[in-house]
Amino acid sequence: MEMFYYLVFGVLSFVVASLELSKTNKDRINTTTAFNSFKNNYLVVYSLMMSGDWMQGPYVYYLYSQYGFSKGDIGRLFIAGFGSSMFFGTIVGSLADKQGRKRACVTYCITYILSCITKHSPQYKVLMLGRILGGVATSLLFSAFESWLVAEHNKRGFEQQWLSLTFSKAIFLGNGLFAILSGLFANLLADNLGFGPVAPFDAAACILALGMAIILSSWPENFGDPSDNKDLLTQFKGAALAIAADEKIALLGAIQSLFEGSMYTFVFLWTPALSPNDEDIPHGFIFATFMLSSMLGSSIASRMMARVSLRTESYMQMVFAIAAFTLLLPIITSILVPPSGVKGGSISFAGCIQLFGFCTFEACVGIFWPSIMKMRSQYIPEEARSTIMNFFRVPLNMFVCVVLYNVNAFPITVMFGMCSIFLFMASILQRRLMVVSEREIQKSRSQDWTPMKERIEEELPLKVTI
């Protein structure tokens, strides 16, 4: 059955390579040398930041278990991380708009390095502090860097469409290629070289320090609203009013929370779904396959976003619908495929079907990230970008905390069904977002045409009839 995993990985590798190598001029965006230099600098930093995050992922749970903590204790540590991101992350994100996005990115590096250092201690309180620091860092990772990029991109006068190129490449590298390499490198340090489960965290700290050095030496500072007359509460009120006043921002926040909530829940569910009877599955190899699927999605997204005539709001409806169907597969297979009562062994036939579906879901994730980044750059106001982006993460983190707390209270099929419903809801809201945005575009065009029409009529010579 090992050949099955190699076959899936090989086919995905071939498809991704073919898509990247077969791009034509229609699939590419013509840019300038100045933009390419700016883009490459950001991609190097973003890839390092994501590598520092991915390096830790495979060994967090394992390290806690090696220190002798129970599942309940470990669950509370994870809840603390998401809770920290929900409460403190919003505050830190608001400070990024006021104090500077570059400073926020440096703060991310320092906070996450400190979180990595705490992993050397077997004391529960120290590890809890590390999870709280990690939660704050996660909020900064998914808001400050994007906010800095969008502001700096616009300040330098680059074309708006070029942002989609940076977004798609960032996901292809940071959430795809470097995720795979980070997992393999972490495995090399911890298992092959025998340095133990703390080694990946030390390596992550070094990678984050390198990225911080590049930020300090090459990134200029930019702000959302640097005025001194706005305190933190005023910023929160301004962000809340912006969300309430613009239906597009509110819809975007709901869509992001529904999709990411389902995505993070999937992280906790895919292992028991593929091995319900303790089947022997290669977790690391499957994780790498998922990341390769995400690379496939980002490659597809880059082609779609390169076409000016194809709107992001349009194709994302289908992406959410496909993602919803893939997470229904565990329910469908549980009904149609007879369950096996044999413990252990290799992956079952139902597991193979689900694995194909999960790879499709990860491809949808790869399309989602650059697409949601593009829509955020269009709809979220610059002066409160980081604040609003962290507001979006509040319901997401709340949802994940509830799921973690009740993960053993519901059957796995119920959890997948709930995620599928959320994704269908995201598809419906995406449809509404497209309708609202198109209505505003038509209204704007109508307003632009009216004065032009009046000018033309004034300039036309009067006809005199005799």
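1. Two rings of Phe, Tyr or Trp form an aromatic pair if their centres lie within 6.5 Å. The model described here is predicted. Under that rule it has 33 aromatic pairs, and ring pairs join F35, F38, Y42, Y46, Y108, Y112, F145, W148, F158, W162 and W219 into a cluster. The cluster is a convenient place to start reading the structure.

2. Y42 and Y46, two members of the cluster, form a stacked pair, because their ring centres are 5.8 Å apart and their planes meet at 20 degrees. Both belong to helix 2, residues 33-54, where a spacing of four residues puts about one helical turn between them. Y42 and Y46 are both buried.

3. Y42 has a further partner in W219: this pair is also stacked, with 6.0 Å from centre to centre and 20 degrees between the planes. Here the two residues come from distant parts of the chain, 177 residues apart. Y42 is in helix 2, while W219 is in the loop between helix 9 (199-218) and helix 10 (232-245). W219 is buried, as is Y42.

4. Y42 and Y46 also appear in the wall of a cavity. The structure holds two cavities of 30 Å³ or more, and the largest of them has a volume of about 70 Å³. Its lining is made up of Y42, Y46, M50, L141, F142, F145, E146, M373 and R376. Helix 2, helix 7 (144-155) and helix 15 each give two or more residues to this lining; helix 2 has the largest share, with three. By residue class, the lining of the largest cavity has seven nonpolar residues, no polar ones and two charged.

5. The second largest cavity has about 30 Å³ of space. Which residues line the second largest cavity? They are F142, Q256, E260, W369, R376 and R393. Helix 11 and helix 15 are the elements that give two or more residues to this lining. Its residues divide into two nonpolar, one polar and three charged. F142 and R376 belong to this lining and are also found in that of the largest cavity.

6. Helix 11 and helix 15 come up again in the second largest pocket, which has about 370 Å³ of space. Of the 20 residues that line this pocket, A273, P276, S334, A350 and Q354 are the closest to its centre. At least two lining residues come from each of helix 11 (247-274), helix 14 (329-336), helix 15 (349-379) and helix 17 (412-459). Which helix gives the most to the lining of the second largest pocket? Helix 15 does, with four residues. The lining of the second largest pocket comprises 11 nonpolar residues, eight polar and one charged.

7. L251 also lies in helix 11. Is L251 buried or exposed? L251 is buried, with a relative accessible area of 8%. L433 is 182 residues away from L251 in sequence, yet the two C-alpha atoms are 6.4 Å apart in space.

8. Two cases of a charged side chain over an aromatic ring are worth noting. The charged end of R131 sits over the ring of F78, at 4.7 Å from the ring centre. K169 lies over the face of F172, 5.8 Å from the centre of that ring.

9. How many disulfides are there by the rule that two cysteine sulfur atoms lie within 2.5 Å? The count is zero. C109 has its closest cysteine sulfur in C105, but no bond is possible there because the two sulfur atoms are 7.4 Å apart, which is too far. C109 counts as buried because its relative accessibility is 0%. C401 is in no disulfide either, as the nearest cysteine sulfur, that of C419, is 15 Å away. C401 has a relative accessibility of 12%, so it too counts as buried.

Notes
Residues are numbered from 1 along each chain as its sequence is written. This is a predicted model: local features need pLDDT of at least 70, side-chain atom pairs count only at pLDDT 80 or more; totals for chains, interfaces and linings use all residues. Side-chain values use heavy atoms; hydrogens and water are left out. On a 1 Å grid over the protein atoms alone, a cavity is a set of points where a 1.4 Å probe fits but cannot get out, and a pocket is an open set with protein on both sides within 12 Å along at least five of seven lines; lining residues have an atom within 4 Å of a point. Grid points are joined across faces, edges and corners, and a volume is the space filled by probe spheres set on the points. Ala, Val, Leu, Ile, Met, Phe, Trp, Tyr, Cys and Pro count as nonpolar, Asp, Glu, Lys and Arg as charged, and the others, Gly among them, as polar. A disulfide is a pair of cysteine sulfur atoms within 2.5 Å. Buried means under 20% relative accessible area, exposed over 50%, partly exposed in between (1.4 Å probe, protein chains only). Rings of Phe, Tyr and Trp (its six-membered ring) pair if their centres lie within 6.5 Å; planes under 30 degrees apart count as stacked, over 60 as edge-to-face and the rest as tilted. A charge sits over a ring if NZ of Lys or CZ of Arg is within 6 Å of the ring centre and within 35 degrees of the ring normal.
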